[in-house]
Amino acid sequence: MDRTSKSSATKLLEIVRKYPKDFKAGDKLFCRLCLTNVEFEKTYFVNKHRNTKKHNSKVEEMASNSVQSTIIETVGNKPIDFAEMVTEAFMAAGIPLEKLENEKLQNLFEHMKLKLPSETTARRRVEKVYSKYCQKIIILLKKKNLFLILDESEVAGKKCFAIIAGDIALLEQTYLVTLMPFDNSPNAETVIAAVQDTVLFLKSKRVYF
């Protein structure tokens, strides 16, 4: 085999190792999802194929079909959404969900006989995880004497209020309630509105603040 062939073979294997769920190696690079050969000599062509509407649709379909495989049983035989558990853990630890596609991490979970959910599957759980978090805060702070901390912050280039709440009796324990975006420079009215919205969000009363 000449040097050019070796170079092509190496590129082919590198792509398959990087995207094992998408491609497999043969004489050419074959997309498992779209059932077609893909040009691989340049990374551009591989990325172009992965960003096509058809390929992304197949990825979402695969993620949807794999939901059942992410369900495990508890000791009490009650089904648990494992993908949701992983999503919640990643969010709590501040780990970007894109890290779910890391090959080393996937191999680790496979070694533990667990299937790590894809980034697409995890993102479908974000809203539910956030809703659970909100309900937890509401229950924990119900009828407590509360304090609010409101500060200007910036997320992804967007200015917003970062609003933190907590029980006055437990000052060391705080909860991020919301990030509330605003367009103009904040004034007294916008601050008051943000506080009122937070009180409503917590289903509390001003008497407890």
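Okay, let's start with helix H4, where Phe82, Ala83, Glu84, Val86, Thr87 and Phe90 are buried. Before I go on, keep in mind that this is a predicted model.

So, does H4 look right for length? H4 covers residues 82-93, and at 1.5 Å a residue its twelve residues should span 16 Å. The C-alpha atoms at its ends are 17 Å apart, which agrees. At the N-terminal end there's a cap: Asp81 puts a side-chain oxygen 3.1 Å from the backbone nitrogen of Ala83. Just past the helix you hit Gly94, which has a positive phi of about 75 degrees.

Stay with Asp81 for a second, since that side chain also meets Arg125 in a salt bridge, 2.8 Å from N to O. Where do those two sit? Asp81 is in strand S5, residues 79-81, while Arg125 is in the loop between helix H6 and H7, and the pair links distant parts of the chain, 44 residues apart. And are they buried or exposed? Both Asp81 and Arg125 are buried.

Now back into H4, to Glu84. The side chains of Glu84 and Lys132 form a salt bridge, 2.9 Å from N to O. Lys132 belongs to helix H7 and Glu84 to helix H4, so this pair ties together parts that are 48 residues apart in sequence. The two ends of that bridge have their own settings: Glu84 is buried, with a relative accessible area of 7%, and Lys132 is partly exposed at 40%. There's a network here too, with salt bridges linking Glu84, Glu88, Lys128 and Lys132.

How many salt bridges does the structure hold? Seven. Let me show you one more of them, in helix H6. Glu119 pairs with Arg123, and their closest N and O atoms are 3.0 Å apart. They are four residues apart in H6, so about one helical turn separates them. Glu119 is partly exposed, with 21% relative accessible area, and Arg123 is partly exposed as well, at 48%.

Let's move over to H7 and look at the surface. Which residues make up the nonpolar patch there? They are Tyr130, Tyr133, Val155, Leu176 and Leu179, and together they have about 420 Å² of accessible area. Helix H7, residues 126-140, gives at least two residues to that patch, and so does strand S8, residues 174-181. To pick one of them, Tyr133 is in helix H7, and with 32% relative accessibility it counts as partly exposed.

Okay, from the surface to the inside. The largest nonpolar core has 13 residues. Ile15, Phe23, Leu29, Cys31, Phe40 and Val46 are the ones with the most contacts inside that core. Which elements give two or more residues to this core? Helix H1, residues 3-18, and strand S2, residues 29-31. H1 supplies the largest share, three residues.

Last stop is Gly26, in the loop between strand S1, residues 23-25, and S2. Gly26 has 45% relative accessibility, so it counts as partly exposed. If you want to see what it faces along the chain, try Ala9: the two are 17 residues apart in sequence, and their C-alpha atoms are separated by 9.5 Å.

That's my tour, so have a look at the model and shout if you have questions.

Terms used. Residues numbered from 1 in each chain as written. Predicted model: local features only at pLDDT ≥ 70, side-chain atom pairs only at ≥ 80, totals over all residues. Heavy atoms only, no water. Patch = residues over 30% accessible without salt bridge, like charges linked within 9 Å, V, L, I, M, F, W, Y side chains within 5 Å. Areas by Shrake-Rupley, 256 points an atom, 1.4 Å probe, with all protein chains shown as cover. Salt bridge = Lys/Arg side-chain N within 4 Å of Asp/Glu carboxyl O. Buried < 20%, exposed > 50% of the residue type's maximum accessible area, 1.4 Å probe, protein only. Expected span 1.5 Å × (residues − 1). Polar contact = N/O pair within 3.5 Å; in protein donor to acceptor, adjacent residues only side chain to side chain. Core = buried A, V, L, I, M, F, W, Y, C linked by side-chain atoms within 4.5 Å.
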